[in-house]
Amino acid sequence: MAFRLAPVARVLMLAWLAVLAVHLTVGIGERGLAHPAWKLAYNGLIFTAAVVCALGAPRGERRAWSLVAVGIAAWAVGNTYWTTLVKFDEQPFKAKLDKI
C-alpha cells in the first residue's frame, strides 16, 4: 500500500518544490522566507522528502532507504528548530575571516 502511494507523494512534493522555488526566485508575496507560512512550506518540504524516501523504498532496500529517511528527518527537525526558534538580529558569531 505504501509503495503505491510513493508516486503520488513524489508528484505532490515536486509541485510543492516548484511553488517554493518560484517564490524564492521571483517572489510571490514577501521576498524570502520572512513570512511564517513560507517557513512552514520550506520545512514541510524537507519532512515530505523524508516520508517519500521511507514510502518509496523497494523491498530489498528498505533498511538503507529508511536510514536515509531518518537522516533527512533529523535535518528537517534541526532546520525547523533553527528557522522557528532561533532568532538573531545580527550575526551570532564573528569569524576571523570576516575582518578580511
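Buried means under 20% relative accessible area, exposed means over 50%, and partly exposed lies in between (1.4 Å probe, protein chains only). The model is predicted: local features need pLDDT of at least 70, side-chain atom pairs count only at pLDDT 80 or more, and totals for chains, interfaces and linings use all residues. Residues are numbered from 1 along each chain as its sequence is written, and side-chain values use heavy atoms, with hydrogens and water left out.

**Exercise 1. Classify Val 19 as buried, partly exposed or exposed.**

Step 1. Locate the residue: Val 19 sits in helix α1. Helices (H or I, at least four residues) and strands (E, at least two) are DSSP runs, numbered from the N terminus.
Step 2. Take its relative accessibility, which is 43%.
Step 3. Val 19 is partly exposed because its value is 43%.
Step 4. Add a distance: 9.5 Å separates the C-alpha atoms of Val 19 and Ala 41, which are 22 residues apart along the chain.

**Exercise 2. Describe the overall build of the chain: how many helices and strands does it have?**

Step 1. Count the elements: three helices and zero strands.
Step 2. Read them in sequence order to get α-α-α.
Step 3. Check burial: 24% of the 100 residues count as buried.
Step 4. Check the surface: about 7,600 Å² is accessible, and 71% of that belongs to carbon and sulfur atoms. Such areas come from the Shrake-Rupley method with a 1.4 Å probe; for residues, only the protein chains shown count as cover.

**Exercise 3. State where confidence is lowest and where it is highest.**

Step 1. Know the scale: pLDDT is the predictor's confidence in each residue, from 0 to 100.
Step 2. Start with the chain: its mean is 77, and 72% of its residues reach 70 or more.
Step 3. Compare the elements: helix α1 (residues 2-25) is lowest, at a mean of 72, while helix α3 (residues 62-84) is highest, at 91.

**Exercise 4. Find which elements build the largest nonpolar core.**

Step 1. Define it: a nonpolar core is a set of buried Ala, Val, Leu, Ile, Met, Phe, Trp, Tyr and Cys residues joined through side-chain atoms within 4.5 Å.
Step 2. Size it up: the largest one has 14 residues, and Met 13, Leu 20 and Ile 72 have the most contacts inside it.
Step 3. Name the elements that give two or more residues: α1, α2 (36-55) and α3.
Step 4. Pick the top contributor: α2, with eight residues.

**Exercise 5. Work out which residues Trp 16 and Asn 43 touch, leaving aside those up to four places away in sequence.**

Step 1. Fix the rule: contact means heavy atoms within 4.5 Å.
Step 2. Take Trp 16, in helix α1. Its partners are Ala 41, Gly 44, Leu 45 and Thr 48.
Step 3. Look at one pair: Trp 16 and Ala 41 are 25 residues apart along the chain, and their C-alpha atoms are separated by 8.0 Å.
Step 4. Take Asn 43, in helix α2. Its partners are Asn 79, Thr 80 and Thr 83.
Step 5. Finish with accessibility: Trp 16, at 31%, is partly exposed, whereas Asn 43, at 5%, is buried.
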